[in-house]
Amino acid sequence: MFEPTGMMPGSVPVTAGDRWRKRIAINASLLWLLFPALDLAGSHPGVPRAAGVGIAVLVFVVVYGRLPRARWEGRRAAAPALAVLTLISTVLTLADRPSWSAMFIFTAIFGAMRLGRRDGVGWILVCTALAAATNLADASDAGTTISLTATTLAIGFMMFAFRRLIEANRELVTARGEVTRLAVSEERLRFARDLHDLLGQSLTVIAVKAELAERLLDRDAPAAAQHVTDIKAVARTALGEVRDAVTGYRQPTLAGELSGARMALQAAGIAARLEGGDAPMDPEVEAVLAWAVREGTTNVIRHSGARTCRIAVEPSELAVSAEVTDDGQAGEPDGTGAGLAGLRERAERLAGRLEAGPVPGGGFRLRVTVPVPVRTP
């Protein structure tokens, strides 16, 4: 009800209808001041007194009416308004009649909604004390004094709690927007990572086979035609994989990646030695190892200039690993390539680890190890 009209970062936009509802609520609460005003009218005051009280009440209403539209908070910003409200409440209560002490309720509300947490609590207590002191100074009966004092204290803390709720809701809306933004960012990263890993090997195989077909075109037309046929098959497979990645349903298999790695290495003239890969395993673990085989094979073909490549899948009771080793030149000696970074993220998501680096004596080794999930009976 007492939110500023300015937009908060990450908050829901405030419409013109919302602003009007807030103003109506504030103005309706001021109807409480009709009781001391009617009491004054019933006492038949003189014109100067009635005019003075009327002007003071009008100033009070105007200043308090700024509450739903104020865009400022804090002790310094709210101090002038609080000073005016407190002065009018005190003067009217002492100089006219005790029933004007109801103004301290509104003064407490104003401070609770505009001051900081510590200052707001202190101000509510100050207004409660002023309400009690002015009633006692006017020799009001005990029931009236207790009633107004308790009402000032209760409503002040109620509005203070209401303000805390408003702020908590703002933070919740902001946090929800941040979570949505992070989810979109994560999905973009996943999509970019999958495209890099999916197309990297396929385009490498297409490039290698195209070079072979070009060399064999004049000397061995049937062999060149076979390479062209393989290019078409790889291109179709890559297109299907991209479609699956876009829909988010693709989960690579270890057997499929090992078969593709053998074909890609042979096309590049690299002797392939594959070990393991037949043991059943958790689908998520298998997917990470399949990505490791694909990324390792792609790097061997692109960067190593190797003659041989060994791909080994080693399962155990606690973990399973996939290792790709070659005898060429290490193309990414520090293991910081874009593909390796994405592979490391996949492994760490399952509490696994990635090791990549040169092998003593020459060559490069990529190893991904993932713990075996514990299945509850």
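# Strand S5 and its surroundings

Trainee: How many of the eight residues of S5 are buried?

Mentor: Six of them are buried, so S5 is largely enclosed by the rest of the structure. Buried here means under 20% relative accessible area, while exposed means over 50% and partly exposed lies in between, using a 1.4 Å probe and protein chains only. Strands (E, at least two residues) and helices (H or I, at least four) are DSSP runs, numbered from the N terminus.

Trainee: What kind of model is this?

Mentor: This is a predicted model, in which local features need pLDDT of at least 70 and side-chain atom pairs count only at pLDDT 80 or more, whereas totals for chains, interfaces and linings use all residues. Residues are numbered from 1 along each chain as its sequence is written, and side-chain values use heavy atoms, with hydrogens and water left out.

Trainee: Ok, back to S5. Which strands does S5 sit between in the sheet order?

Mentor: The order is S1-S2-S3-S5-S4, in an open sheet of five strands with mixed pairing, so S1 (271–275) and S4, which stand at the edges with a single partner strand each, have one side without a neighbour in the sheet. The twist from one strand to the next averages 10 degrees. Two strands count as paired if DSSP finds at least two bridges between them.

Trainee: How many bridges join S3 to S5?

Mentor: Eight, and the two strands run antiparallel. Val320 has Val370 of S5 as its bridge partner.

Trainee: And how many join S4 to S5?

Mentor: Six bridges join S4 (residues 353–358) to S5 (residues 364–371), again with the strands running antiparallel. Leu354 is paired with Val368 in S5, and Arg353 stands opposite Thr369 of S5.

Trainee: What do S4 and S5 form together?

Mentor: A hairpin, with five residues between the strands. Gly361 in the turn has a positive phi of about 95 degrees.

Trainee: How many bridges are there between S2 and S3?

Mentor: Seven bridges join S2 (residues 308–315) to S3 (residues 319–326), and the strands run antiparallel. One of the pairs is Ile311 with Val324 in S3.

Trainee: Which helix packs on the sheet and touches S1 and S2?

Mentor: That is helix H9 (residues 254–267), whose direction makes about 170 degrees with that of S2. Such angles run from 0 to 180 degrees between N-to-C directions, with axes being lines fitted to C-alpha atoms, for helices over the stretch in contact. Contact means heavy atoms within 4.5 Å. Helix H10 (residues 283–304) lies across S2, S3 and S5, and runs at about 10 degrees to S3.

Trainee: New topic: Leu343. Where is its place?

Mentor: Leu343 is in helix H11 (residues 338–349).

Trainee: Is Leu343 buried or exposed?

Mentor: Leu343 counts as buried because its relative accessible area is 1%. Apart from neighbours within four places in sequence, Leu343 is in contact with Val288, Trp291, Ala292, Glu295, Leu354, Leu366 and Val368. Leu354 and Val368 are the bridge pair from the hairpin strands.

Trainee: What about Phe191, where is that?

Mentor: Phe191 is in helix H7 (residues 142–216). Its relative accessibility is 29%, so Phe191 is partly exposed. Its C-alpha atom is 9.7 Å from that of Val242, 51 residues apart along the chain.

Trainee: How do helices H5 and H6 pack?

Mentor: H5 (residues 103–114) and H6 (residues 117–137) pack at an angle of about 170 degrees, with axes 8 Å apart. They are therefore roughly antiparallel; under 35 degrees would be roughly parallel, over 145 is roughly antiparallel, 65 to 115 roughly perpendicular and the rest oblique. Residues making the contact include Phe104 and Ala108 of H5 and Trp123 and Cys127 of H6.

Trainee: Thr128 is in H6 as well. Which residues is Thr128 in contact with?

Mentor: Leaving aside neighbours within four places in sequence, they are Thr149, Thr152 and Leu153. Thr128 is buried, because its relative accessibility is 9%.

Trainee: How many disulfides are there?

Mentor: Zero, where a disulfide is a pair of cysteine sulfur atoms within 2.5 Å. Cys127 is buried at 0% relative accessibility, and Cys309 is buried at 2%.

Trainee: Last one: how many helices and strands are in the protein?

Mentor: There are 11 helices and five strands. Of the 377 residues, 40% are buried. Among contacts with a separation of 6 or more, 73% join residues 24 or more positions apart.
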